[in-house]
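Please walk me through this model in the viewer. Tell me what to select at each stop and what I will find there.

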Amino acid sequence: MELLDFARGPALDFAMLVFVLGVTWRLVGVLLLPRLRDRSAPREGAPPRLVGALRAIVRRMWPRKEFIQVTLFSTINSYVFHLGLAIVVFGLAAHIVFIHDLFGLSWPSLPSDLVFGVGVITLAALVAALVRRLTHPVLRLLSGPSDYLSWLLTTLPVLTGLLATAQIGARYETLLAAHILSIAAFLIWFPFGKLMHAFLFAFSRGATGMRFSHRGVKV
Amino acid sequence: MDTLNAPPPRCDPPDAGLVEAVLQELAVMLEALAGDEQFNDAIDLHSLPLDDGAREQLRQRLGRGEIEARLELAGLTYIVETAYAGLWWVRHADADEHTVFEQIVVARVPPLLPAHGADIAAAARRLGAELSG
Amino acid sequence: MTDSQPLGEMLRERGVSRRAFLKYASYMASLMALPPAAAATMAQSMAQARRQSVIWLSFQECTGCTESLARSFSPSLEEMIFDLISLDYHHTLQAVSGEAAEQARRQAMRDHKGKYIVIVDGSVPTAGGGVYSAIAGQSNVAMLAETVEHAAAVIAVGTCAAFGGLPEADPNPTGAVPVSKLVMGKPLINIPGCPPMPQAMAGTLVHLLSFGKPPELDALLRPLAFFGETIHDRCYRRQFYKRGLFAKSFDDAGARKGWCLYELGCKGPVTYNACASLKWNGGVSFPIQSGHGCIGCSEPRFWDRGGLYKALPTGTGERRRVVPIAAAGGAALGVAAAALARGRLAAAASKEAK
């Protein structure tokens, strides 16, 4: 029980601290950088910059026709594990209790058996992503320790969550402690690797969209 | 709402599979008894997750036989022979008729019924003393 | 005082037949999850044994453990434990008091040297030289050491004796410690619970009497027969948990339908005890059935686990304080980083201009 007490107490506290500190640091640091103002005249029919940004964020949720064939696996597989993670994180009653304790928000939960099934699919998709990264020559060339660590710390909470629910491998309090500790590890690493894409993707896509919508051909 | 006496809320139908499993085990034990008169074993109903519905179902399936015994020893014990010779339903109750524990005994005679050797010896001494005194 | 007669004879003289003895043994075998066939062996050994001398030491306790054992609901059956043991010393139950009581204890220790069982309830204070609890002018620490020296076995009943319990909870002003911290080199059994289940106490004693050794214990020295499963494992509301049907507050619509109490702080999944199967007060009910979540009272340090009503998935620390501080700190770092970057950009631009 000592491990569970540590996980629910000091470990989560520290993880929250690092997560909030790190994310705020990076976001504030990036957003306060000087903006590159394009002083040229906008093209004909250019939308306001913000609209251009939002359009890019939405449009790039799906690859362009020309690229669908080549990116099919990563598009589909990524959607599977992203949506799976969302369903598991926001649909399981125990997680809603956790969020309610932090933010005071709550909503109806999904049946636990359904969430378990989604969790299994999510784990499979995550493993598939790793296999892809290891077998695709270009991806393997580009991947470094940071990428693999991001994968590991995203997959461990899913794996430990499934094990805890099924009560496989150890006593429940140990499995629950492992699950909470894996979340703590995930939160601590989050601001420092590419998991930050969760926040930054909006800004990088938005910036591209602003630039492209200002000049050249309508995209 | 009288919550003290209300039955606990239920969300499952009685576990029919468990009743079948118990009956299967009893069948095996009864076979053993049929082959060996000295065989003596029991199924402890407390150790099984049987709810009231399942217990009732089991009682129905086993039926009643020819013997019903009421024992007054450290509280009341009821021994009811089932419709299957050699299978006995033994229920131990406290002063409020509340079941303390329950077993299905598989034996020629449940071990609680026969008089114990040590008790007989003491009784013989006592009767002898009473007749001579 | 213990008799030198075998128990079987002694009980018969009191009108308890060997048959009743066998019934008691069957009941105990059932509680201890032993095979039904073990009952006959147990009855035989107990009948031939002598009455077991037991010295019960009460330290920083509330007497709940004694109440649990003594207020049995099947008196005719469960009171038999008091026939099988000779409670040679027990503050609440014994007839003598004062110096005579201490004499009785020391006499029993002499008469049954190496054979008596010591039961302890309550934790032992050690701060200030053990001055926070003293009996007959003797500190608990000293009395414990003196009494266990020639004991055959020690049983720590109740969470206070087994793990420290309430006295040991933060800030532990009396330096309370569990019995296990002070007793070395003797067979020790922990029977925690606040209070412990009477069947657990009686069953363990009967096991010791019948087999001459402790029952199978877990890593925390608790008998597996009673502490092998969690409350959650045998809870009748388990199906509601699986289906995600939880009561959100006490006595709300879900609570009245008997839904799972996980969100109201139930510690059932991490608490090992037999409450869900044996139940309390003669099998009438147990906390969850009465609408209150398990508080985890048979686990160490359950008082300091962040709160009885804090659900298991929630953190117990100071996150609400940590988050704004971290945000402020992060923002400050971000501003500093951006300022540095802007400074460098400006310096490069001015160098270019030159």
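The expected span of a helix is 1.5 Å times one less than its number of residues. Keep that rule in hand for the first stop. Bear in mind throughout that this is a predicted model.

**Stop 1: a helix in chain A**

Select residues 145-166 of chain A, which form helix H7. Does the rule hold, and what are the two lengths to compare? With 22 residues at 1.5 Å each, H7(A) should span 32 Å, and its end C-alpha atoms are 31 Å apart, so the two agree. Now colour the buried residues of H7(A): Leu153(A), Pro157(A), Val158(A), Thr160(A), Gly161(A), Ala164(A) and Thr165(A). Show helix H5 (112-135) and helix H8 (172-189) of chain A as well; both are among what covers those buried residues. Step just past the helix to Gln167(A). Its phi is positive, near 55°.

**Stop 2: the sheet in chain B**

Move to chain B and display its strands. Five of them form an open, antiparallel sheet in the order E1-E5-E4-E3-E2. At the edges are strand E1 (40-44) and strand E2 (68-72) of chain B, each paired on one side only. From one strand to the next, the twist averages 20°. Zoom in on E2(B) and strand E3 (residues 76-81) of chain B: 5 bridges join this antiparallel pair. Which residue of E3(B) stands opposite Leu71(B)? Pick Thr77(B) to see the partner.

Next, add helix H2 (residues 18-31) of chain C. This helix packs on the sheet and touches E1, E3, strand E4 (87-93) and strand E5 (99-107) of chain B. The direction of H2(C) makes about 100° with that of E5(B).

**Stop 3: the cores**

Select Phe21(C), Ala25(C), Val118(C) and Val120(C). In the largest nonpolar core, of 137 residues, these four touch the most other members. Helix H1 (residues 2-31) of chain A gives the most to this core, with 13 residues. From chain C, domain 1 (7-225) and domain 2 (231-304) each supply at least three residues. Centre on Phe21(C). Beyond its neighbours within four places in sequence, its contacts are Gly8(C), Leu11(C), Val16(C), Ala43(C), Met46(C) and Ala47(C). A second, separate core has 17 residues, including Ala42(B), Leu62(B), Ile79(B) and Val105(B).

**Stop 4: between the chains**

Show all chains. Of the 2 pairs that touch, chains A and C have the most contacts. Chains A and B do not touch, and their nearest C-alpha atoms are 15 Å apart. Where chain B meets chain C, 27 residues of B are in contact with 30 of C. On the chain B side, E1, E5 and helix H3 (117-132) each give two or more residues. E1(B) has the largest share, 4 residues.

**Stop 5: backbone details in chain C**

Select Asp170(C) and Pro171(C). The peptide bond between them is cis, with omega near 0°. Pro171(C) sits in the loop between helix H10 (165-168) and strand E8 (176-177) of chain C. Go on to Cys194(C) and Pro195(C), joined by another peptide bond that is cis, with omega near 0°. Pro195(C) is in the loop between strand E9 (188-191) and helix H11 (198-211) of chain C.

Finish at Asp251(C), in the loop between helix H14 (238-242) and helix H15 (253-256) of chain C. Its phi is positive, about 65°, although it is not a glycine. Is Asp251(C) buried or exposed? It has 9 C-beta neighbours inside 10 Å, so it counts as exposed.

Terms used. Residues are numbered from 1 along each chain as its sequence is written. Chains are lettered from A and ligands numbered from 1 in the order in which they are written. This is a predicted model: local features need pLDDT of at least 70, side-chain atom pairs count only at pLDDT 80 or more; totals for chains, interfaces and linings use all residues. Two strands pair if DSSP finds at least two bridges between them. Axes are lines fitted to C-alpha atoms, for helices over the stretch in contact, and angles run from 0 to 180 degrees between N-to-C directions. Two residues are in contact if their C-beta atoms, placed from the backbone, lie within 7 Å. A residue is buried if 20 or more other C-beta atoms lie within 10 Å of its own, exposed if 12 or fewer, and partly exposed in between; C-beta atoms are placed from the backbone. A nonpolar core is a set of buried Ala, Val, Leu, Ile, Met, Phe, Trp, Tyr and Cys residues joined through C-beta atoms within 7 Å. Domain bounds come from an automatic or database domain assignment.
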